Each structure stands twice: as structure tokens, then as C-alpha cells.
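Work through the exercises below with the sequence and the model side by side, and try each task before reading its solution.

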Amino acid sequence: MTNLNIFRLLLILVLSYLSDIANGRIYFKRVDEKLKQLNKPAVKTIQSEDGDIIDCVDIYKQPAFDHPALKNHVIQMKPSFKLKEEKLGTTSLSSKLVVSQTWQKSGSCPDGTVPIRRIQRKDLLRAKSINRFGRKPQEIVSKSNTTYLKKGLYPSNNTTQVALPTIVNRSAAFLVTLGYNYIGAKGDINVWNPNVAADDEFTTAQIWLKAGPADNFESLETGWTVNPHLYGDRRTRLFAYWTKDSYKSTGCFDLTCSGFIHTNPQVALGAAIEPVSSWFGQQYHVTLGVYMVTLTSLALSHFSKIQTNNAINRYYKQMNMIRRSTMVEWGGQVYSTNVKKTPHTKTAMGSGRFASGLYGNACFIQNPNIVDFSLSLKYPEWVGTWADEYYCYTAYNYQKSYGTLPVFYFGGPGQNPNCR
């Protein structure tokens, strides 16, 4: 190699190095701009013992109000209706041991503020794209399969068919109901801390309120998740999610984009919840629901140790979004590029054990209720169960005896001798 060629090679390497530095500075500048957009000025800051930073933000200065549609919006602090709850055949699996959030041990937010988990630079640096931070990967639908919904609370030959999509990069096990006028759904979700095998995978236990076709649905979701890519650890965390187009270009987890209006001064979306259940030990749960409040607003409520007998409500507005749901699902989901493949992911769902293990072993959802325009919480008229990969994750709607409502069990370990 001549001296001239050596000089050219060195020049290319130097220019490439300087270009990388310049691009890195530009990227970090974009990261800092995004952080400023996401993290609003705090009235008070709480350092949680688990490493989270919780900012108490003026309720009218939260991220939702960056959206032009919410200019001069006045928050509705109380629902415009009162739900009636049917008591027929209610079940009581446990002593109703409920969870709290870790950060609550370190302080509380003053009146007029809401707790928001602070997004840090390391969170954005984990994201594949700053613009897609806080979003689920888009679903890849390959085909549709048919399952059957049964009518009534008891075994019945009266069934109807429903087509459910097979999604390439997700595996789910859920209880499903189909209708026309659902304006809310609720359930008592058993809380666990399942294994997540890879940093870019996640697992959830949740409720979906859906409308629209399988490849372009609208969805409002809430539940708990273990999601190391988003949150940076493997703690079990409370979440909410919305999308208008099957996760393609709209929606996000928690408050990482405009859309949700947070009003609860005691609950932080994305914050860790504790304690979690143990096999054949104490069983903990969180009661979650999504309800329409007006034609443009919805509410999420849950129970915690702070207020065990009164719903703690968080209201949010979905701009021109879902007015009513046609489908509700309760259950779990695993995201991985290694579902429906060999070798299968070892990411677990629920407790990490199959639904047949029942109470104290498997994850469950008790009292899965819907709300229609009667404004009553009630067990759905039609229900069916579905599992994408029955050797990996299972679903079982178990009814102990006549006169009691079924309890839905779901979950599994992922990869095992029968799920390779």
C-alpha cells in the first residue's frame, strides 16, 4: 500500500470518527429535547426506594395538555354516572389482599398535582427510535382462527363463532366476549412477577376494550406488565395503553404521549406494584376497569391499600377515539419475536404455570365484568376462551359449582418439553 493510499484511509477513518461524534451530539440533543417534552416541571419530587423518580406535576401542566385538542380543556373530576354492580353468584377466592405502589412509601403528592414517573435519559437510549418511545411494536397478523363463545354462566350447547387473528410476534391466552354496546370492562387481576427471557420482550396481564377490524382495531388497555425494554428493570408495573390503529402509529404506554389525562394524586402509571403473589402462598390482586365517562372521556379505576373500599379513578380523554367497544378480552399476552417459533421464548405469562393449576398456582382474573348502556357491571352474556399456543400458555374458565361465577385462569412458562 502506497503512502497516498495510507493517507486516504486515515483521512476516511478520521472523517468517519468526526461524523460519528457529530451525529452522536445531534442524537443526544434530540434525546434531551424529548426529555424536556415528556418531563414537566415538578411541584414536588419523590425519590422512590426502587430507583424511580416521581414528579408531582400541576394537573393542568401534564403531557396530555400538549395536544392542541385539549387547549382550555376543563377536567371532569367526577364521573357523570354511577355504576350498578350485579351481585349474583359473586365469588371470593381470597381475603382480597391488594397491592400498593412502591413509591408511595416515600411520600405523597399535594392537592392539585398528579404523580408522574420521570422518564430518564437511559430510558430513551434503550428505545430503538425516539419517535416510537413508549409504543408497542406493531402487530403482524398472519391469519384468522375461529373460536366459540358460549351463552350463559353454565355449560351450554348454545354457541356462536368469532374469528380471532393469529399474530406472528405475540402469544395470548384470554377470555373474550363479543357485543355491540360495551362502554366499560372490569376485573380483579391476580398479580405476579413472571420471568422475561430477553430485554426486548414483555409480558402482561390485562383487560382490552376493543373496536374495529382485527388488522386495524382501536384499543384501550390496562393491567400489569413486566417490560424491561420500556422500564429498565423486571419489576411488575401498573400500565395503561391506547391505540387507534393496531399499534401502527398511534398510542403509547402510560403518559409517554398526549392522550391520557391523569387526575389521581395517589397512583402513578408505570410505577412498580407490590407485593406480588407466590405459589401456594398469599395471593394479591389489583382491581382494574376502563369505563366511558362521557362521549369523549373514559375512566380507569383501581383499588389499593390506600383506599380499599373506594374506587380510585383516573380519567383520560381519547381524541376522536373509541365511543363504544364491540369486544372485551381479559387475560395475558407475551411479546417476543420467538413466539410460534423453535426455539420458543422462555418468557412466562401470568404466574409462569398453566391455567389447570388453578388457585394458588395459576394467575387468575376474578369477576370479569362488562358495562353496557344499562350502566350495570355484569358478567358477559357470551364468553369463550382462546390460547394461541396451547402447549406454551393456556386459558381455562373454571366454575367451581353452580351458583358461583366462573374464574378465568391463564398463563404458562413459554418454552417447555411440549413447547420447543
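## Exercise 1: A sheet and its edges

An open sheet of three strands runs in the order E1-E2-E6, and its pairing is antiparallel. Determine which strands stand at the edges of this sheet, and describe how E6 is placed with respect to the rest of the structure.

**Solution.** Keep in mind throughout that this is a predicted model.

Step 1. Strand E1 (42-47) and strand E6 (113-117) are the edge strands; each has a single partner strand, so one side of each is left without a neighbour in the sheet. From one strand to the next, the twist averages 25°.

Step 2. Follow the pairings across the sheet. E1 pairs with strand E2 (residues 53-58) in the antiparallel sense over five bridges, and Ile 46 has Ile 54 in E2 as its bridge partner. E2 and E6 likewise pair in the antiparallel sense, over five bridges, and here Asp 55 stands opposite Ile 116 in E6.

Step 3. Now examine the side chains of E6. In a regular strand the side chains alternate between the two faces of the sheet. Thr 113, Pro 115 and Arg 117 point one way from E6, whereas Val 114 and Ile 116 point the other way, and all are buried. Because five of the five residues of E6 are buried, this strand is largely enclosed by the rest of the structure.

## Exercise 2: The surroundings of one serine

Find Ser 277 in the model and work out where it lies, whether it is buried or exposed, and which residues it touches.

**Solution.** Step 1. Ser 277 belongs to the loop between strand E15 (273-274) and strand E16 (284-292).

Step 2. The relative accessible area of Ser 277 is 6%. Since buried means under 20%, Ser 277 is buried.

Step 3. Leaving aside residues up to four places away in sequence, Ser 277 touches Asn 190, Val 191 and Trp 192, and also Gln 282, Gln 283 and Tyr 284. The side chain of Ser 277 reaches the backbone nitrogen of Tyr 284 at 2.8 Å.

Step 4. Consider also a residue far along the chain: Asn 193 is 84 residues apart from Ser 277 in sequence, while their C-alpha atoms are separated by 7.9 Å.

## Exercise 3: Backbone exceptions

Most residues other than glycine have a negative phi, and most peptide bonds are trans. Locate the cis peptide bond that joins Glu 274 to its partner and the one that starts from Thr 342, then examine the phi of Asp 254 and that of Asn 367.

**Solution.** Step 1. Glu 274 and Pro 275 are joined by a cis peptide bond with omega about -5°, and Pro 275 sits in the loop between E15 and E16.

Step 2. The peptide bond from Thr 342 to Pro 343 is also cis, its omega being near 0°. Pro 343 lies in the loop between strand E19 (325-335) and strand E20 (363-371).

Step 3. Asp 254, a residue other than glycine, has a positive phi near 55°. Its place is in the loop between strand E14 (252-253) and E15, and at 6% relative accessibility Asp 254 counts as buried.

Step 4. Asn 367 is not a glycine either, yet its phi is positive, at about 55°. Asn 367 is found in strand E20 and is buried, with a relative accessible area of 10%.

## Exercise 4: Cores and confidence

How many residues does the largest nonpolar core have, and where is the pLDDT below 50?

**Solution.** Step 1. In soluble globular proteins, nonpolar side chains tend to be buried together. The largest nonpolar core has 53 residues, and those with the most contacts inside it are Ala 173, Ile 189, Ile 207, Trp 224, Val 328, Trp 330 and Phe 410. E16 gives the most to this core, with four residues. Another core lies apart from it and has 25 residues, among them Leu 124, Phe 133, Phe 253 and Trp 382.

Step 2. The pLDDT of the chain averages 84, and 83% of the residues score at least 70. Over residues 294-299, however, the pLDDT is below 50, and beyond near neighbours in sequence this stretch has 26 contacts in the model. Over residues 302-321 the pLDDT is also below 50, and that stretch has 89 such contacts. Where pLDDT is low, the predicted coordinates should not be read in detail.

Key. Residues numbered from 1 in each chain as written. Predicted model: local features only at pLDDT ≥ 70, side-chain atom pairs only at ≥ 80, totals over all residues. Heavy atoms only, no water. Helix = DSSP H or I, 4+ residues; strand = E, 2+ residues; numbered from the N terminus. Buried < 20%, exposed > 50% of the residue type's maximum accessible area, 1.4 Å probe, protein only. Contact = heavy atoms within 4.5 Å. Polar contact = N/O pair within 3.5 Å; in protein donor to acceptor, adjacent residues only side chain to side chain. Core = buried A, V, L, I, M, F, W, Y, C linked by side-chain atoms within 4.5 Å. Pairing = 2+ DSSP bridges. Axes fitted to C-alpha atoms, helices over the stretch in contact; angles between N-to-C directions. pLDDT = per-residue confidence, 0-100.
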